[in-house]
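Student: I am new to this model and would like a guided look at it. Could we go through a few questions together?

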Amino acid sequence: MVRRLLIGAAVLFGLWVLDRGLTAGLNPYFYRILVLSGLNVMLALSLNLINGVTGQFSIGHAGFMAVGAYTSAAFTVYAAPRLAGGTPEGLLAALLFIPAIAIGGAAAAIAGFLVGLPSMRLRGDYLAIVTLGFGEIIRVAILNIDAVGGARGFAGIPQLTTFTWVGAGAVITYVVIRNLLRSYHGRALLAIREDEIAAEALGIPTTRYKVTAFVISAFFAGAAGALFSHYTYLHTNSFTFMKSIEVIVMVVLGGMGSLTGSILGATLLTALPEALRFASADRLIIYSALLIVLMIARPQGILGQREISFSRMFGRFRNPAPEARGTGVK
Amino acid sequence: MQEFLQQLANGIAWGSIYALIALGYTMVYGILRLINFAHGDVYMVGAFTAYFAARAIGAGGSSPSPVYALIVLLAAMAACALLGVIIEFFAYRPVRRSSRLTALITAIGVSLLLENLGIRIFGADPKFFPQLVAPKRVDLGGGVVVTNHQITVVVVALVLMVALTLFVTRTRTGKAMRAVAFHRDAASLMGIPVNRIITITFAIGSALAAAAGVLVGLTNPKIEPLMGIMPGVKAFVAAVLGGIGSIPGAVIGGLVMGVSEYMVVGYVSSTFRDAIAFIILILVLLIKPAGILGRNITEKV
Amino acid sequence: MFRMRTLTRALVTASLAAALVLPLGCAKRSNELVVGVYGSLTGSTATFGTSTKNGTELFVDNLNTAGGIGGTKIRTIVEDDQSKPEEAATAVSKLIEQDGVIAVLGEVASSRSMAAAPICQQAGVPMISPSSTNPKVTELGDYIFRACFIDPFQGQMLAKFARSTLNMTRVAILHDSKNDYSVGLDTYFTEAFRALGGTIVADVAYSEGDQDFKAQLTMIKGKHPQFILVPGYYTEVGLIARQARELGITEPMLGGDGWVSDKLLEIAQDALNGSYFVNHFYEGNPDPLVQKFVSDYKQRYGANPDGLAALAYDAAGMLTSALTKLHDEDPKAFEALKGPRNDEQKAARAKLRDLIAATKDYPGVAGKITLDAKRNAVKAAVFIGIENGHYKFVAAVEP
């Protein structure tokens, strides 16, 4: 246990040092892209948990992100000054950022619970529409809350997010979800993906596991939202159906069911559009064509269900390692 | 009371549009178990085709004429029938045997592609349908006022729905469609050309969506490439509400959706205009998933 | 644990690799000034970005054809922000860091201007928004300017006009709840109108993109207002007017500068007769400056310009006017602007900022522009009436 904490602290410190270096050496534009990539990594990983691992249809991920963004922003703007007795500065602000993110994630998790519940009675396509509806309802509801700015957006949020926070968030998201996958819980989710009725017949309480997947996924999406809201001007336009679609493309491109695939997909689809800015008018046409072509020609995406693993790549020269992941299907 | 009746009248007119679009959804879902996300965008293409056709033949404006309107309607329906067939052949047929998630994502991809191509080709700015038929106010009594456009919409929608029902119940092709919807592989074993039937289904569904698009252009003349998203989703809910796979169900569902939308916007708040659709969906799926007129389909293991 | 470290390494490597894929920096430019433009060319408000881009490019191209500023041409680089605030910030960041722009023009939506402004302020690059009306935008820093008047001003002018000129006391409002301009205008109008003794009998909302307003209008009809305020964009206003008449509502309507477009009467036809709205400019203005703008725009883009295009045209003009002054008063600083990013250029940009802030009586097509201490444009609000399908000048209200 202590060993884990020490490693965690070391990683955090490493990120912090990296951040100092990047801020000094990299121009703000590239730094920004790194931060945005990290956020998308969190979103892609969390969405993969629902779509790739559990095989459910969720196309309202931006809604969870929005819940996390606005709740945490409300905390920072309204509650934190009260706790700190005035506007918090420096270290205190950073310390208060942690509960802000946690609250954002928790609120999103509650939303995830509410969305996951109907999954009990809903077949795949219907669940998709319900999640789509949820995403839209959340956005419209937020538009009407004046306390968080409504249609004019939420001004005055302290810009606390740096690469350290986002990097830590991405690492934590990855570690948690990966460990979840390796556990009994994860196997149950994979079983549900492969054949839900068989899983139920084997005694797996499918509804409970499906809802849990939604809750965990929503938590991390909410945390990503919290980090996002402290990095830019907050407005509901950032959380439309298009955002949900973009995250889906990242997951599909990387390979549904592959965690490193999601990281790859997220990073590629954040950086490439920047490199291809001259084609930005056609960006959405390319995305949609990409989706169709991928589904027809290579539905498993780049990595399928495999993970990038250096030990396996090098180990192939020594002894072929057995495939340790779930049953391959397509 | 008068306000209520007015909202009701408007709701029925608007609901007829949903019903037309819902028919396409319900037919395709019945046959393929696929939510054709792109259906709402076919509706949009229908409206734009009609717009360009009307401009090409110089209809509207100073010389409104029902004849032109009819030509434009048929042109749009034909064009969209073709579009539906193309979409089915290139995008949906290859994934017919794939998982549902794959097919769903493909449908989303087609929908996005149509929307963004629409923006590219037509331009993102809204266009305004020329006046094909001169508007006239019709007093229904009791202070309720509708336009001749709205009456046209309801009448045309009814005619098309009746035609479709007759087609499906009385003709051989219609019977074949029902057979394929019931059990695709058995129908194929019976010698029914499944691929052709599916193509026909898409063609008809898309033509109906196009008709809806033209009718909308008549009453609400603003058209733009993203206009199909919300009506598409709401028409899907209408199809589910009425019982997916059931044609009269789609009609009832559409009318209920239209009326409830008007009631909510008029009496509660316009912000819930879209939300009510999803709330209805959740309620239906939790209480009676088969819909009003649907049958319970048990999932086979 | 080995895998986690490997993964973190992989992640960082991947990110840095991706970052290196991006086009690298900027060589020193020869004899041209680079100006950045950002706007929503795609997404839900794509029309706004396109209008703005058109207006800007028209002005700059005309200027370049006429020889530029003392022989120096202006190059505009346009970036899309997809109608999203975080993309606006990224686009501006790219313009400043990668393209080395010396000034930025944009945006229409206040939320996106507010996302981009801190980046411009921190980098010391002046930013002029052509049409953002939320007062908070210019409060973000002294490098941030705007070419239009702000919501509180327009709201007050509307209230005054309604109360004093039209003598109305009961108003119903139909605003766009998804549009910050509409919400803002609604808020300020309500405040001012109530202060003048008027009553708001109903304040109902629609969403931008809606096609059908009969439900809301039926509700408004039941409240018997004397007129209806519709502080939205022309895309919906025309339909609203038609549907109102179809329902038998005869009261006049009042609107803000969002009505400005040649499509307005095309849609509304006779439905808007007897109504009024605020404008900065209208095609009927016999001023040759305006007429030339309208004909140039029509020739190049095949349509009449809307209010946003006119404001963009003026914002570009304001910038180049300040640049011209800099060229005349301080040629060394002007040359520095053409060079690489260094302290000299930073000082030159600061001087540019001062000159923009001192804009006085700039003859724009959307009215004469003078910037006040808060860097907002002080202009008259022109009220236009609609009669028999034609525009008619009614009054010009000075602030």
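Student: In what order do the five strands of the open sheet in chain C stand?
Tutor: Happy to help, and keep in mind that this is a predicted model. The pairing in this open sheet of chain C is parallel. Reading across it, the order is S2-S1-S3-S4-S5.

Student: Which strands of chain C stand at the edges?
Tutor: Look for strands with a single partner strand, because one side of each is then left without a neighbour in the sheet. In chain C, these are S2 (73–80) and S5 (144–146).

Student: Which residue in S3(C) does Gly36(C) stand opposite?
Tutor: Strand S1 (residues 32–39) and strand S3 (residues 103–105) of chain C run parallel and are joined by three bridges. Opposite Gly36(C), in S3(C), stands Val104(C).

Student: At about what angle to S3(C) does helix H11 of chain C run?
Tutor: Helix H11 (residues 307–329) of chain C lies across S1, S2, S3, S4 and S5 of that chain. Its direction relative to S3(C) is about 160 degrees.

Student: How are H3(C) and H4(C) oriented to each other, roughly parallel or roughly antiparallel?
Tutor: The axes of helix H3 (residues 85–97) and helix H4 (residues 110–123) of chain C come within 7 Å and cross at roughly 30 degrees. Angles under 35 degrees count as roughly parallel. Therefore H3(C) and H4(C) are roughly parallel.

Student: How many residues of the contact of H3(C) with H4(C) are nonpolar?
Tutor: H3(C) contributes residues including Ala88(C) and Val92(C), while those from H4(C) include Ala115(C) and Ile119(C). Two residues of this contact are polar and one is charged. The nonpolar ones number 10.

Terms used
Residues numbered from 1 in each chain as written. Chains lettered and ligands numbered in written order. Predicted model: local features only at pLDDT ≥ 70, side-chain atom pairs only at ≥ 80, totals over all residues. Heavy atoms only, no water. Axes fitted to C-alpha atoms, helices over the stretch in contact; angles between N-to-C directions. Helix = DSSP H or I, 4+ residues; strand = E, 2+ residues; numbered from the N terminus. Parallel < 35°, antiparallel > 145°, perpendicular 65-115°, else oblique. Contact = heavy atoms within 4.5 Å. Nonpolar A, V, L, I, M, F, W, Y, C, P; charged D, E, K, R; others polar. Pairing = 2+ DSSP bridges.
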